[in-house]
Amino acid sequence: GKAFEKGLNNRTSAYDLALLFEAIARKKVVSEEASTKMIEILLGQKFNEIIPAKLPQGTKVAHKTGNINGVEHDSGIVFLPDGRAYVLVLLSKDLKDATKGKEILAEVSLRIYRYMESVNRNGH
């Protein structure tokens, strides 16, 4: 909070986060062993109000959240039951109601999950 008040806040983009999580998912960050450990840590996320919130019980999501004054973010890797996985990055800003914003982002996550589940490995 103090850093934010002084204008010392972190910035990111959906593209940058997608590149990072894709590299982790493909186990191309530092080493395969390090990438596997990163996924294990991310699977332990305690704040689950966005990407995993409305997904089927037991869905594995290796993700990282972030929030500050009107901003709610969640980015990570969603693992489908058939072994496939996809990267999802949800960023927001200027939220007047953080709870409502997280609910809408969770709904977006669910819709993407349903789409990804319906598409087979060949994209059909």
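**Exercise 1.** In the hairpin of β1 and β2, which residue takes a positive phi, and how many residues lie between the strands?

*Solution.* First, some ground rules: this is a predicted model, where local features need pLDDT of at least 70, side-chain atom pairs count only at pLDDT 80 or more, and totals for chains, interfaces and linings use all residues. Residues are numbered from 1 along each chain as its sequence is written, and side-chain values use heavy atoms, with hydrogens and water left out. Strands (E, at least two residues) and helices (H or I, at least four) are DSSP runs numbered from the N terminus. Now look at the turn: 2 residues sit between β1 and β2, and Gly-70 has the positive phi, near 85 degrees.

**Exercise 2.** Work out the strand order of the sheet and find its edge strands.

*Solution.* Step one: count bridges, since two strands pair if DSSP finds at least two bridges between them. β1 and β2 are joined by 9, while β2 (residues 71–79) and β3 share 6. Step two: put the strands in order, which gives an open sheet β1-β2-β3 with antiparallel pairing. Step three: check the edges. β1 (60–68) and β3 each pair on one side only. The twist from one strand to the next averages 5 degrees, with axes being lines fitted to C-alpha atoms (for helices, over the stretch in contact) and angles running from 0 to 180 degrees between N-to-C directions.

**Exercise 3.** Trace the bridge partners of Val-78 and Phe-79 on either side of β2.

*Solution.* Start with Val-78: its partner on the β1 side is Val-61, and in β3 it is Tyr-86. Move on to Phe-79, which is the partner of Lys-60 and stands opposite Ala-85 in β3. Past that end comes the β2–β3 hairpin, with 5 residues between the strands; Gly-83 in the turn has a positive phi of about 100 degrees.

**Exercise 4.** Find what packs around β2 and β3.

*Solution.* Begin with cover: 7 of the 9 residues of β2 are buried (under 20% relative accessible area, with exposed over 50% and partly exposed in between; 1.4 Å probe, protein chains only). Next, the helix: α4 lies across β2 and β3, at about 155 degrees to β3. Then the core, meaning buried Ala, Val, Leu, Ile, Met, Phe, Trp, Tyr and Cys joined through side-chain atoms within 4.5 Å. The largest has 12 residues, including Val-61, Val-78, Tyr-86 and Leu-90. β3 (85–90) and α4 (98–118) each supply at least two of them.

Terms used:
Contact = heavy atoms within 4.5 Å.
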